[in-house]
Amino acid sequence: MQPEINTEFKLAAEYILHTSKNVFLTGKAGTGKTTFLKYIQQQTKKNTVIVAPTGVAAINAGGVTMHSFFQLPFIPFVPVAGAGFQVNDFVDRNTLFNTIRFNKQKIELFRELELLIIDEASMLRSDLLDCIDTILRHFRRQSHKPFGGVQVLFIGDMFQLPPIVREWDFLKQFYETPFFFSAKALEENEPLFIELK
């Protein structure tokens, strides 16, 4: 089935299929975000992984949860070395790799990954995106490139479910907002914003 392709849909698809540019695709319910995701899955030749913040969202997108794929911690990730804080309350770049263990196949998957699709991005916390960035830079051995050189497609409606952030009083000293677009990783590589109508 060929989706109804409008200008925004076509533009977003061109960027995902033929460049390495990060893209944030948004739009209200019913504008074609899920159709776009399925279209990219069918059309891309890139090694692709789909993740989402919750199990239900992951199942709907045909992917896995971010926490299971990246072994994300269940405590906040701090984007700087955490001098002066209780280490049990957070994970930083120095302590992250003490808490996660990937087998050879997963590390190989990280190294071969070309496109990461994050569905329901409205629920993605800024610190978790920075944690994903840190993991990809480390295991892909490309510490100078955001996400270790992986292209990221964010899909979501920011007027839907927001991230759940119980630790905002702590995290607000590092982030402007709890939303993914406040992540440090995006300061140096802002995604192209495309809204489906």
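Partly exposed, as used in these legends, means a relative accessible area between the buried limit of under 20% and the exposed limit of over 50%. Glu-195, with 31% relative accessibility, therefore counts as partly exposed. All the views show a predicted model.

**View 1. Lys-197 and Glu-195 pair up in a salt bridge.** Their closest N and O atoms sit 3.8 Å apart. Glu-195 is the partly exposed partner at 31%, while Lys-197, at 64% relative accessibility, is exposed. Another group to look for is Arg-125, Asp-127 and Glu-167, joined into one network by salt bridges that share partners. A search of the whole structure turns up six salt bridges.

**View 2. Helix H9 holds a salt bridge between Lys-184 and Glu-187.** The two residues are three apart in H9, or about one turn of the helix. From N to O, the gap between their side chains is 3.9 Å. Lys-184 is partly exposed at 28% relative accessibility, and Glu-187 is exposed at 60%.

**View 3. Ser-182 sits in the loop between helix H8 (168-171) and helix H9 (184-187).** Here's a residue that is buried, with a relative accessible area of 10%. Leaving aside residues up to four places away in sequence, Ser-182 touches Ser-126, Tyr-175, Glu-176 and Thr-177.

**View 4. Lys-172 forms a salt bridge with Asp-169.** The closest N and O atoms of this pair are 3.5 Å apart. Asp-169 is exposed, with a relative accessible area of 62%, whereas Lys-172 comes in as partly exposed at 47%.

Note on methods: Residues are numbered from 1 along each chain as its sequence is written. This is a predicted model: local features need pLDDT of at least 70, side-chain atom pairs count only at pLDDT 80 or more; totals for chains, interfaces and linings use all residues. Side-chain values use heavy atoms; hydrogens and water are left out. Helices (H or I, at least four residues) and strands (E, at least two) are DSSP runs, numbered from the N terminus. Buried means under 20% relative accessible area, exposed over 50%, partly exposed in between (1.4 Å probe, protein chains only). Contact means heavy atoms within 4.5 Å. A salt bridge is a side-chain nitrogen of Lys or Arg within 4 Å of a carboxyl oxygen of Asp or Glu.
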